[in-house]
Amino acid sequence: MSEFSQLDYRFMGKALYLAEQGKFTAHPNPMVGCVIAKNDEIIGEGWHRAPGQPHAEVHALKAAADRAQGATAYVTLEPCCHHGRTGPCAEALIEAGIARVVCAVEDPFPAVAGQGIALLKQAGLDVSVGLLASQAEKLNRGFMARHLTAKPYVCCKMAMSLDGRTAAADGSSQWITSAQARQDVQLLRAQSGAIMTGIGTVLHDNPSLTVRSDIGDLRGLVGQAYFQQPKRVVIDSQFRLPADAKMLSLDGETWVYTLASVAAPDKANIKVIQGEALNGRVDLNHVVRSLARQDVNSVLVEAGPTLSGAMLAAGLLDELVIYIAPKLLGDAGKGLFNLPALKNISQQIPLEISDIRSVGTDFKITATPKMRD
């Protein structure tokens with residue numbers, strides 16, 4: 001028999017909904033929601049908005065006020081027990097007189113990692129862990145990956161025609177997909193800590209790699225104090241990045257991973273990082289680990305077939321998001337991934353599709369690569 005009741009599921013479901021409200025602003029912190037209930041009624045709720053801001057439990061306790069005595073707190077992530085930019089939430093729950101705490105998952109952050117739960121139990125609170133755990137882990141998959149694997153969660157976004165072409169024979173690609181699909185990409189960008197591309201894409205397309213402020217769900221968000229543009233990451237082994245590249249004139253930082261010796265740049269928004277070499281190119285595994293060390297939870301790869309193929313071949317892609325337009329570009333068009341090692345059917349890379357939906361006139365496929373052993 002389950003230790004959790006229907007009401008437990010209902011209140012944790014609400015906490016997960018609240019947590020998701022921080023999907024554009026909480027990173028690199030995790031998204032966390034909290035519901036405080038008493039006598040089958042919600043008396044307080046909250047979610048974590050941004051780094052340095054009060055945690056979800058603090059908002060919920062403030063709303064519950066004196067009624068928190070003897071209540072149950074539902075939290076999507078283990079309450080913290082350390083002093084950072086805010087005080088420990090586990091202590092706040094104890095001081096408020098909370099009788100029971102239900103956590104979805106333990107916090108993998110080393111300063112917490114089960115210690116918050118231990119503190120609550122030592123204080124005599126009834127603590128249960130594991131309710132809707134898979135949903136909570138998925139919500140914070142980037143944060144979980146960074147602390148459990150020392151790598152961010154990496155998603156590769158591609159747009160292609162129905163015959164698998166990302167550009168015409170002359171390299172032109174604007175626009176294969178519909179305006180609605182391009183708007184959907186803005187939501188992917190806004191939820192990412194960094195957007196990665198290759199120097200070839202920069203030289204050919206001169207992209208901005210920013211989140212636009214005129215997109216439905218984002219209108220009014222970009223420019224607010226809590227929102228930060230994703231870091232722009234350029235893989236540029238020989239440092240060919242033009243000084244007049246569009247991205248260097250925009251708000252937010254551009255990080256360039258290179259093997260070249262480069263003098264300190266004049267611009268304040270560019271950071272040159274010495275990469276490690278692998279076969280004469282920047283070692284991509286080193287790049288993603290470096291990004292994790294710099295508190296990047298999630299990376300969105302928006303690149304051409306060379307970098308995308310290299311990331312896939314290196315086993316560094318956790319997810320593919322592919323927009324398919326009902327168009328044909330012919331045999332001379334550019335392919336999706338450069339994977340020269342695939343010479344026969346036994347070397348195929350299978351994908352596990354998790355979602356297919358229509359976006360405007362296009363289809364959006366979300367899939368997980370299943371790399372060969």
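Helix H7 (residues 179-190) lies across strand S6 (153-161), strand S7 (194-198), strand S13 (298-301), strand S14 (319-325), S15 and S16. The helix runs at about 165 degrees to S14. Helices (H or I, at least four residues) and strands (E, at least two) are DSSP runs, numbered from the N terminus. One element lies across another here through contact, meaning heavy atoms within 4.5 Å. Axes are lines fitted to C-alpha atoms, for helices over the stretch in contact, and angles run from 0 to 180 degrees between N-to-C directions.

This is a predicted model, in which local features need pLDDT of at least 70 and side-chain atom pairs count only at pLDDT 80 or more, while totals for chains, interfaces and linings use all residues. Residues are numbered from 1 along each chain as its sequence is written, and side-chain values use heavy atoms, with hydrogens and water left out.

The strands under H7 belong to a sheet. Nine strands form this open sheet, in the order S10-S9-S8-S7-S13-S6-S14-S16-S15. The pairing is mixed; two strands pair if DSSP finds at least two bridges between them. Strand S10 (270-274) and strand S15 (351-359) stand at the edges. Each has a single partner strand, so one side of each is left without a neighbour in the sheet. Neighbouring strands of this sheet are turned by 20 degrees against each other on average, direction ignored.

Helix H10 (residues 305-313) also lies on this sheet. H10 lies across S6, S7, strand S8 (231-235), S13 and S16. Its direction is at about 115 degrees to S7.

Now follow the edge at S15. S15 and S16 pair in the antiparallel sense, over eight bridges. The bridge partner of Arg357 is Lys364 in S16. Asp355 stands opposite Thr366, also in S16. The hairpin of S15 and S16 has two residues between the strands. There, Gly360 takes a positive phi near 60 degrees.

The surface here has a nonpolar patch. Ile353, Ile356 and Phe363 make this patch, of about 310 Å². Patches are made of residues with over 30% relative accessible area and no salt bridge; like charges are joined within 9 Å, nonpolar side chains (Val, Leu, Ile, Met, Phe, Trp, Tyr) within 5 Å. Accessible areas come from the Shrake-Rupley method with a 1.4 Å probe, and for residues only the protein chains shown count as cover. Phe363 has its place in strand S16 (residues 362-369). Its relative accessibility is 47%, so Phe363 counts as partly exposed. Buried means under 20% relative accessible area, exposed over 50%, and partly exposed in between (1.4 Å probe, protein chains only).

A second sheet comes earlier in the chain. Five strands form this open sheet in the order S2-S1-S3-S4-S5, again with mixed pairing. Strand S2 (41-47) and strand S5 (126-129) stand at its edges. Each has a single partner strand, so one side of each lacks a neighbour in the sheet. The twist averages 15 degrees from one strand to the next.

Strand S1 (residues 33-38) and S2 run antiparallel, joined by six bridges. Gly33 has Trp47 in S2 as its bridge partner. Helix H1 (residues 6-19) lies across S1, S2, strand S3 (72-75) and strand S4 (100-103), at about 145 degrees to S1. Helix H2 (residues 56-64) packs on the sheet as well, touching S1, S2 and S3. The direction of H2 makes about 145 degrees with that of S2.

Next come the charged pairs. Side chains of opposite charge can pair when their charged atoms come close. The structure holds nine salt bridges, each a side-chain nitrogen of Lys or Arg within 4 Å of a carboxyl oxygen of Asp or Glu.

One of them joins Lys14 and Glu45, whose closest N and O atoms are 3.0 Å apart. Lys14 lies in helix H1 and Glu45 in strand S2, so the pair ties together parts that are 31 residues apart in sequence. Lys14 is partly exposed, at 27% relative accessible area. Glu45 is partly exposed too, at 33%.

Arg146 and Asp295 also meet in a salt bridge (3.0 Å, N to O). Arg146 lies in helix H6 (residues 141-149) and Asp295 in the loop between helix H9 (284-293) and S13, so the pair links parts 149 residues apart in sequence. Arg146 is buried at 11% relative accessibility, whereas Asp295 is partly exposed at 42%.

The last pair leads back to H7. Arg189 and Glu302 meet in a salt bridge (2.7 Å, N to O). Arg189 lies in helix H7 and Glu302 in the loop between S13 and H10, so parts 113 residues apart in sequence are tied together. Both residues, Arg189 and Glu302, are buried. Salt bridges that share partners join Lys157, Arg189 and Glu302 into one network.
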